[in-house]
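Let's take a walk through a protein together. Have a look at the sequence and the 3D view below, and then we can explore them step by step.

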Amino acid sequence: MSKQFYYHTVLMVVIVYAAVLLNTGLRGFPKPTMQTLVNGAWSAQVESFLEEKIGFHDSLFRLKSQIDLLIGERLIQDVYITDDMLLEKLGSEPTVSTADSVNVLNQFYEKYRIPTYLILVPSASEIYEDLLPANAVKENQQKQISEIYTGVMTGIRYVDAYNILSSLKEEYVYYRTDTHWTSYGAYAVYQSAIRKMGFTAVPYNRYVVSHLSTDFRGDLYERTLYDDVKADVLDCYTYENGGKAVSVTAYYADGTEEDRGTQLYAHSRLESGNMYEFYLGRPCAMLKIRTDLENDKRLLIYKDDFANCMIPFLLQHYSEICIVDLEQSIGISDRLANPEEFTQVLFLSSMESWENVWMHIGQTE
């Protein structure tokens, strides 16, 4: 019997005893056999069973995670546990079709000939690769991003978010318990992007930074329930003398609309299980924002949810921003916005989402 098998057998026994002691009324609890113990099937059956007993599952899952860590296991639910932050496991092989995604972007530009910009944001696991265990599965996102940037037409200008964020890795540019970048990380990339887009960035010291929550635990925490990594801070950046939203309208995939008044932020989401939805509120297929600026500059954004906390910075430069969420608008992107009505187009996506969203760019044609 291998040492690892021994430890996992002990772990399963502990879980069984915990189940008996904590809740003797759990009927239908999977019974182990030698075969299911050896092939790991019983462990999977236990996980499935406990998923139906959510409160109970959380207590036992924390116990299981702690035992895994005690025996040296640093990967829980495809999340690497480090001393400072939780980092998502990436694929060992590139999952993005570089040539195909480049072709779609180039075809878009050839059709519309509108000033077009591209920002691909690496994952925290790429930036903080040095924190990962030596045997961690790694994916060279820097190479993928470079290949995409090299392949796009010269009319598509790109922003090197990788090097910007890598140079600031000692600062708070990614959350510790969530896959997203922080507002500060988004601001750092905004500074470079907005210059390429023909504007002067609003200086950092012009913003009032409000800490909305110092107890934000994100999607990586939800997958691990690991409490020993410090909770995150959710920030809101306000530019008192800058542009303001005068109307915000959400359009959903089912054809319904929602008038959100002038509210860019959804404070109610701070009390929800997904605090990140504070930025831009409930996900929708398209969000149209009109501002009090009268410069007739109109920006169309195709994005995933990494763009959400950058929008307040971009708001300072446009009379209208139309945001198409490529994850929420699958199959209807072409019916949401006409690129010819805008003065600039921005594609902004994390590399984690790029493989799922680039193919939907073609629907805009």
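How many disulfides does a search of the whole structure find? It finds 0. Keep in mind, as we go, that this is a predicted model. A disulfide is a covalent bond between the sulfur atoms of two cysteines. Take Cys284 as an example: the nearest cysteine sulfur belongs to Cys322 and lies 9.7 Å away. Because a disulfide needs two cysteine sulfur atoms within 2.5 Å, Cys284 is in no disulfide. Cys284 is also buried, with a relative accessible area of 8%. Another cysteine, Cys236, counts as buried because its relative accessibility is 7%, and the cut-off for buried is under 20%.

Now let's turn to the strands. Strand β7 covers residues 232-238, and 5 of its 7 residues are buried. Its partner β6 (residues 208-216) runs antiparallel to β7, and 6 bridges join the two. You can find one facing pair by looking for Val209, which stands opposite Tyr237 in β7.

Next, look for an open sheet of 8 strands with mixed pairing. Following the sheet across, you meet its strands in the order β5-β4-β13-β11-β12-β10-β8-β9. Which strands stand at the edges? They are β5 (156-159) and β9 (257-259); each has a single partner strand, so one side of each is left without a neighbour in the sheet. From one strand to the next, the twist averages 20°. Strands of a sheet pair through backbone hydrogen bonds, either parallel or antiparallel. Strand β11 (residues 298-303) and strand β13 (residues 344-350) pair in the parallel sense, over 5 bridges. Here Tyr302 stands opposite Phe347 in β13. Helix α12 (residues 351-361) packs on this sheet, where it touches β4 (116-121) and β13. The direction of helix α12 makes about 140° with that of β13.

Finally, let's look inside. In soluble globular proteins, nonpolar side chains tend to be buried together. The largest nonpolar core here has 68 residues, and the members that touch the most others are Ile119, Tyr174, Trp181, Met310 and Leu314. Helix α9 (residues 183-196) gives this core its largest share, 7 residues. A second, separate core has 32 residues, including Leu105, Leu120, Ile148 and Ala285. To see how Tyr174 is surrounded, leave aside its neighbours within four places in sequence: its contacts then include Met85, Val121, Pro122, Ile127, Leu165 and Trp181.

Terms used: Residues are numbered from 1 along each chain as its sequence is written. This is a predicted model: local features need pLDDT of at least 70, side-chain atom pairs count only at pLDDT 80 or more; totals for chains, interfaces and linings use all residues. Side-chain values use heavy atoms; hydrogens and water are left out. A nonpolar core is a set of buried Ala, Val, Leu, Ile, Met, Phe, Trp, Tyr and Cys residues joined through side-chain atoms within 4.5 Å. Buried means under 20% relative accessible area, exposed over 50%, partly exposed in between (1.4 Å probe, protein chains only). Helices (H or I, at least four residues) and strands (E, at least two) are DSSP runs, numbered from the N terminus. Contact means heavy atoms within 4.5 Å. Two strands pair if DSSP finds at least two bridges between them. Axes are lines fitted to C-alpha atoms, for helices over the stretch in contact, and angles run from 0 to 180 degrees between N-to-C directions.
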